[in-house]
Structures are given as structure tokens and as C-alpha cells.
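Reader: Could you take me through the salt bridges in this one, pair by pair? I'd like to know how covered each partner is.

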Amino acid sequence: MDGRDEIAALAARINQVAESIHSEREKLLLDTIESLVAALEAKDPYTFGHSSQVSSLTVAMSHQLNVKEADIFQFRIAALLHDIGKIGVPDQILNKPGFLDIDERKSIEQHPVIGAKILAGIPALSQVTEIVRHHHARWDGSGYPEPLAGNEIPLGARIIAVADSFQAITSDRTYRAGMPTTVALTELKRCAGSQFDPDVVAAFAAISETLAHQSVLSHPLGKIN
């Protein structure tokens, strides 16, 4: 199955569940999405479990920020699906060891747009679609795909940006070993106010000790319910 077939199958399956989304079906929706994302991530051992971990961190920060439960559910779905657009990016770019050239960088920067297109036809996930589209926006307006800044960026996207960066820094990749959690936290704090929403970074710092005790920060498949 090529990337286009996977995109079509993924969108169709999510749409099937999301058409009649109600509170009693939330677990079914999450289970469906998690299984689909896990199947796609299994193609790359370096990213397997990434979306699950980002989702767990997103939920924890959202609670710290006193986000409404209905929004936390949407943020959790968006975190699980934030990188789904990467199935439209060539494998040789995604798995390239070392630096990307300009054209390769432009290609990989299309993944939020591709992800949003996958979800665009699912009305129940309209909030999720916008979060997925803007999870690489930066607080200072220099991100992509659009130059949103500050509170123009959906809150869910701002939270996922911190979770995504932390998980990426601490995980092994084809081109480097994962960094210690203390190094990652220092980097997040350094970039607060430029790349990241300072309030979201503060929320992450506040929960980091609790998460460490739960082994969520160090285990790639750790979850917070």
C-alpha cells in the first residue's frame, strides 16, 4: 500500500468513527486512531511510539493549564495525529541521516498541510485539523506553514509543539542519540518566548518532576490517562 492509499484508508476509517461521535464513543475513537497511528509508525523504529508519547505529554500539560475536558479530548486526538502528514513525505527524506537540503526541508515542512488535508473532510475533527496544521507555528511568528504568532496559534498546537520537541530531543534518531531530559528541559526554557509559548513551557516545567516519577518522560510508550 503506497502513501496515497494509506492516507485514503486512514481518513475513511477515522471518518467512519467520527461521524457519530458522542462521549460514550470517545474511547472507541481514540483506540481506532491509536491503532492506525501505531501501524504507520511501525515502519520506522525510530519514531514508533512518538505520537503516543506526545499525546500523553499534551494531556498532562493541558490539565496543568486548566483546559476544559472537551478541549483536552480534541488536543489528545490532534497529538496522536500531528505527524500523520509525514506519510506523504518520501521515506528517503524522513529517514535521511544528517542535514536536509533546501528542497528536502521544503518537502518535510509540507507535512502539517498534508495532515490537515487528510482530516479536512471530517467535520467532527475541525478543531483537530487546525491544530495539526499549525503545530509547527512558532510563538514569534517564524514557523510554518503560515506565520501565525502568539495567541493566534491554536492553544492545542502550542501545547503539542512543546511536547513534540521534548520527545524529539530525548529520543534516539538515525542521526544522533537522544539527549537527557534535563538537557531537553533547558532547551525548552531557552526557547520560551521565541519558539514556544512561555506559559506552556512553564506548565511543562511544573509537571516534569511528576512525569519523571511516572516514567513517562523516559519511556517512549508511557501514557497518562
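Author: Sure, let's start with Lys96, which is partly exposed at a relative accessible area of 25%. On that scale, buried means under 20% relative accessible area, exposed means over 50%, and partly exposed is in between (1.4 Å probe, protein chains only). The side chain of Lys96 meets that of Glu104 in a salt bridge, 2.7 Å from N to O. Glu104 comes out at 17% relative accessibility, so it counts as buried.

A quick word on the ground rules. This is a predicted model, where local features need pLDDT of at least 70 and side-chain atom pairs count only at pLDDT 80 or more, while totals for chains, interfaces and linings use all residues. Residues are numbered from 1 along each chain as its sequence is written, and side-chain values use heavy atoms, with hydrogens and water left out.

As for the term itself, a salt bridge here is a side-chain nitrogen of Lys or Arg within 4 Å of a carboxyl oxygen of Asp or Glu. The structure holds six of these salt bridges. Side chains of opposite charge can pair when their charged atoms come close.

Another of them joins Asp83 and Lys86, at 3.5 Å from N to O. Asp83 has 13% relative accessibility and therefore counts as buried, whereas Lys86, at 27%, counts as partly exposed.

Then there's Arg138, which forms a salt bridge with Asp140, their closest N and O atoms being 3.4 Å apart. Arg138 counts as partly exposed because its relative accessibility is 24%. Asp140 is partly exposed too, with a relative accessible area of 40%.
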